[in-house]
Amino acid sequence: MQRNIPFNKPYVAGHELDHIIEAINRGNISGDGHFTQNCCELLQQRLGIAKVFLTPSCTAALEMAAMLTDIGPGDEVIMPSFTFVSTANAFVRQGAKPVFVDIRPDTLNIDEKKIEAAVTDRTKVICAVHYAGVACAMDQILETAGKHGLEVIEDAAQGVHAYYDGQALGSIGALGAYSFHATKNYTCGEGGALCVNRPQLIERAEIIREKGTNRSKLLRGEVDRYTWVDVGSSYVPSEIVAAFLYGQLELLDTIADHRRTIYQRYESTLASLADRGLLTLPRVPERCRTNYHMFYILLQDGESRDRLMGHLRDRGISAVFHYLPLHSAPMGEKFGYKVDDLLVTEDVSARLLRLPFFNDLTEADQQYVVEQIEEFFNIGSSYPPVFVRSA
Ligand SMILES: *Cc1c(COP(=O)(O)O)cnc(C)c1O
């Protein structure tokens, strides 16, 4: 029987809908009320972050982070090309130039050993993206940043409740950005948060987030009117969104356990295909504690990846690739990049396939996904390219 297994699916974990009703009954559905405060306090306490601000998206949090560093025209920011567009756009819209560094073939994170060679006297920021909730080598990145006087910003969109040497991702650099988009571990549809880890940046973050005004001071009774004091924008999400999000965040560990189960099922059932060299499974280095954000496989070559994706699609399974590298995109070309500039990035992005992964993915559906992958490789034996080609 044909099934229909989406790549992602909305999930109500507990009291999300009750909280929304409560927010309305409390008489405030604009921002920074009861549920926003609950979300921020929970994240601060559980993840050990100095100050968390909810934002409408991780994109918005990255924009705020870029504004807080005062990066501008002529400045450069080092980041991977293997990331989502918002990592780059947050800085590009400030007038800065993204300098793309290749990734490590094991974690698919920025290759910390290649960062130093990319530093110039215009470099201001290193933006570390924690792919799949597995930490970048933060020790070396912080060391390189310290040596050259650079700020470190973490794009921890995928890294909520993941750790490096026991420290929560997003809490390690000067600033960190989380996503609560529908595809992430904890979600409210569209949402995000800015983690401010350096106390001197908190007041300005608050102002930028409130349209460049000191309105937050008014709400706390510290001033008797509020006014325009800096640049800023509308980076405050509604209480309705925060109420939904709180329903998920209060089940931080329950959701994490769930995702670990799903991840480990893929890992164990696909191990034999990996042992036969047909595909590669994700790897988590010792110092990293993953949050099981996604499960990807790396095929032997781009052609097998595309054929497997089609094979699964024909059987009702939505598996997707990730990312079209930024340096070879039309905007990347405008910054002078060419295809072939970053070999690991291009190789990985052609071979990577993300399998369906959402909080209530059933064991039966997961087994079906794995069976269809196995079937692909059996069929594949009559198509020499899959087996004959070496990685
Ligand atoms: C999802 C994601 C974003 C964007 O998050 P939004 O909340 O949709 O703005 C940015 N960077 C990375 C690495 C992501 O995975």
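This is a chat about a few helices and strands in a predicted model.

Student: Before we dig in, what kind of model is this?
Tutor: It's a predicted model, where local features need pLDDT of at least 70, side-chain atom pairs count only at pLDDT 80 or more, and totals for chains, interfaces and linings use all residues. Residues are numbered from 1 along each chain as its sequence is written, and side-chain values use heavy atoms, with hydrogens and water left out.

Student: Okay, which residues in α1 are buried?
Tutor: Glu-16, His-19, Ile-20 and Ala-23 are. Buried means under 20% relative accessible area, exposed means over 50%, and partly exposed is in between, using a 1.4 Å probe and protein chains only. Helices here are DSSP runs of H or I with at least four residues, strands are E runs of at least two, and both are numbered from the N terminus.

Student: Why do they line one face of the helix?
Tutor: Seen down the axis of α1, the buried residues fall within an arc of 105 degrees, so they line one face. That arc is taken from the directions from the helix axis to the C-beta atoms. In general, an α-helix has 3.6 residues a turn, so residues three or four places apart point the same way.

Student: And which exposed residues are on the face turned away?
Tutor: Ile-21 and Asn-25.

Student: What covers the buried ones?
Tutor: The cover includes α2 (34-47) and α8.

Student: How do α1 and α8 pack?
Tutor: α1 (residues 16-25) and α8 (residues 239-249) pack at an angle of about 145 degrees, with axes 8 Å apart. Axes are lines fitted to C-alpha atoms, for helices over the stretch in contact, and angles run from 0 to 180 degrees between N-to-C directions. Contact means heavy atoms within 4.5 Å. Among the residues that meet are Leu-17 in α1 and Phe-244 in α8.

Student: Switching to the sheet: what's the strand order?
Tutor: Seven strands form an open sheet, β1-β9-β8-β5-β4-β2-β3, with mixed pairing. Two strands pair if DSSP finds at least two bridges between them. β1 (51-55) and β3 stand at the edges with a single partner strand each, so one side of each has no neighbour in the sheet.

Student: Is β2 parallel or antiparallel to β3?
Tutor: Parallel: β2 and β3 (residues 97-101) pair over five bridges, and Ile-78 stands opposite Val-99 in β3.

Student: How many residues of β2 are buried?
Tutor: Five of its five. Glu-76, Ile-78 and Pro-80 are on one side, with Val-77 and Met-79 on the other.
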